[in-house]
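Student: Could you take me through one part of this model in detail? I would like to look closely at a nonpolar patch on the surface and what surrounds it.

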Amino acid sequence: MSFRAEHEIHSRRKGRNVGVGLMLGAFVILVMVLTFVKITQTDFTKAAGAAAAAQNEANN
């Protein structure tokens with residue numbers, strides 16, 4: 001039983017496909033990280049201003 005040797009074009013295509021797959025994976029991870037940072041980002045100055053305004057309204 002003999003296996004056919006892989007043609008050169010198939011090995012080049014496989015290498016290109018692996019590269020494209022890695023770039024696609026890196027892009028997906030980048031988008032996920034940016035989304036996570038944007039969702040979890042808190043503007044503490046805005047939050048402090050809102051708390052102060054609520055406190056002032058409660059006192060008046």
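Tutor: Happy to; here is the patch, followed by its setting in the chain. Keep in mind that this is a predicted model. The nonpolar surface patch covers about 690 Å², and the residues that make it are Leu-24, Phe-27, Val-28, Leu-30, Val-31, Met-32 and Leu-34. Let us take Phe-27 as our way in. Phe-27 sits in helix H1, which spans residues 8-40. Phe-27 counts as exposed because its relative accessibility is 52%, and the cut-off for exposed is over 50%.

Helix H1 also holds a polar contact. There, the side chains of Arg-12 and Glu-8 form a salt bridge, with 3.2 Å from N to O. These two residues are 4 apart in helix H1, so about one helical turn separates Arg-12 from Glu-8. The count of salt bridges comes to 1.

Now for the wider setting. The protein chain has 2 helices and 0 strands. Of its 60 residues, 0% count as buried. The accessible surface of the chain is about 6,000 Å², and carbon and sulfur atoms account for 65% of that area.

Terms used. Residues numbered from 1 in each chain as written. Predicted model: local features only at pLDDT ≥ 70, side-chain atom pairs only at ≥ 80, totals over all residues. Heavy atoms only, no water. Patch = residues over 30% accessible without salt bridge, like charges linked within 9 Å, V, L, I, M, F, W, Y side chains within 5 Å. Areas by Shrake-Rupley, 256 points an atom, 1.4 Å probe, with all protein chains shown as cover. Salt bridge = Lys/Arg side-chain N within 4 Å of Asp/Glu carboxyl O. Buried < 20%, exposed > 50% of the residue type's maximum accessible area, 1.4 Å probe, protein only.
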